[in-house]
Amino acid sequence: MIRLKVTGMTCQHCERAVSEALAGVSGVDKVIAISHERNEAMVEGSPDVGDLISAVKEEGYEAEAEQ
């Protein structure tokens with residue numbers, strides 16, 4: 001599982017946009033959870049973390065990998 005800290009999400013629409021962006025990244029098997037309240041996103045699979053971050057940024061949000 002890969003966990004990202006995502007900032008800038010404020011509502012369920014934001015969560016949906018981030019979820020759809022992450023689901024479109026090569027190597028993502030499943031988007032597990034997106035939460036604007038916890039500022040996080042979790043995915044399963046073996047995608048490139050940089051590609052995940054880029055996909056989130058293209059939607060207008062900030063993201064970084066959590067340790």
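Which strands does helix 2 (residues 49-58) lie across, and at about what angle does helix 2 run to strand 4? Helix 2 lies across strand 1, strand 2, strand 3 and strand 4, and runs at about 165° to strand 4. Axes here are lines fitted to C-alpha atoms, for helices over the stretch in contact, and angles run from 0 to 180 degrees between N-to-C directions. Helices (H or I, at least four residues) and strands (E, at least two) are DSSP runs, numbered from the N terminus.

This is a predicted model, in which local features need pLDDT of at least 70 and side-chain atom pairs count only at pLDDT 80 or more, while totals for chains, interfaces and linings use all residues. Residues are numbered from 1 along each chain as its sequence is written, and side-chain values use heavy atoms, with hydrogens and water left out.

**The sheet**

Four strands form an open sheet in the order 2-3-1-4, with antiparallel pairing. Strand 2 (28-35) and strand 4 (62-65) are at the edges with a single partner strand each, so one side of each has no neighbour in the sheet. On average, neighbouring strands of this sheet are turned by 25° against each other, direction ignored. Two strands are taken to pair if DSSP finds at least two bridges between them. Strand 1 (residues 2-7) is joined to strand 4 over four bridges in the antiparallel sense, and four bridges also join strand 1 to strand 3, again antiparallel. The table gives residues of strand 1 with the residues opposite them.

| Residue in strand 1 | Residue opposite | Strand of the opposite residue |
|---|---|---|
| Arg3 | Met42 | strand 3 |
| Leu4 | Ala65 | strand 4 |
| Thr7 | Glu62 | strand 4 |

The covered face of strand 1 holds Ile2, Leu4 and Val6, whereas Arg3, Lys5 and Thr7 are on the uncovered face.

**Helix 1**

Helix 1 (residues 12-23) lies across strand 1, strand 2 and strand 3 (40-45), and runs at about 165° to strand 2. The 12 residues of helix 1 should span 16 Å at 1.5 Å a residue, and the end C-alpha atoms are 16 Å apart, which agrees; the expected span is 1.5 Å times one less than the number of residues. Buried residues (under 20% relative accessible area; exposed is over 50% and partly exposed in between, with a 1.4 Å probe and protein chains only) in helix 1 are Cys14, Glu15, Ala17, Val18, Ala21 and Leu22. Viewed down the axis, these buried residues fall within an arc of 165°, so they line one face of helix 1. Gln12, His13 and Glu20 are exposed on the other side of helix 1. The cover over the buried residues includes strand 1, strand 2, strand 3 and helix 2.

**Glu40 and Asn39**

Glu40 is located in strand 3 and counts as buried at 8% relative accessibility. The side chains of Glu40 and Arg3 are joined by a polar contact of 3.0 Å. Leaving aside residues up to four places away in sequence, Glu40 touches (heavy atoms within 4.5 Å) Arg3, Leu4, Val6, Met9, Ala33, Ile34, Ser35 and Glu66. A polar contact is a pair of N or O atoms within 3.5 Å; within protein, one must be able to donate a hydrogen and the other to accept it, and residues adjacent in sequence count only if both atoms are side-chain atoms.

Asn39 belongs to the loop between strand 2 and strand 3 and is partly exposed, with a relative accessible area of 26%. The phi of Asn39 is near 55°, a positive value in a residue other than glycine.

Key. The arc is that of the directions from the helix axis to the C-beta atoms.
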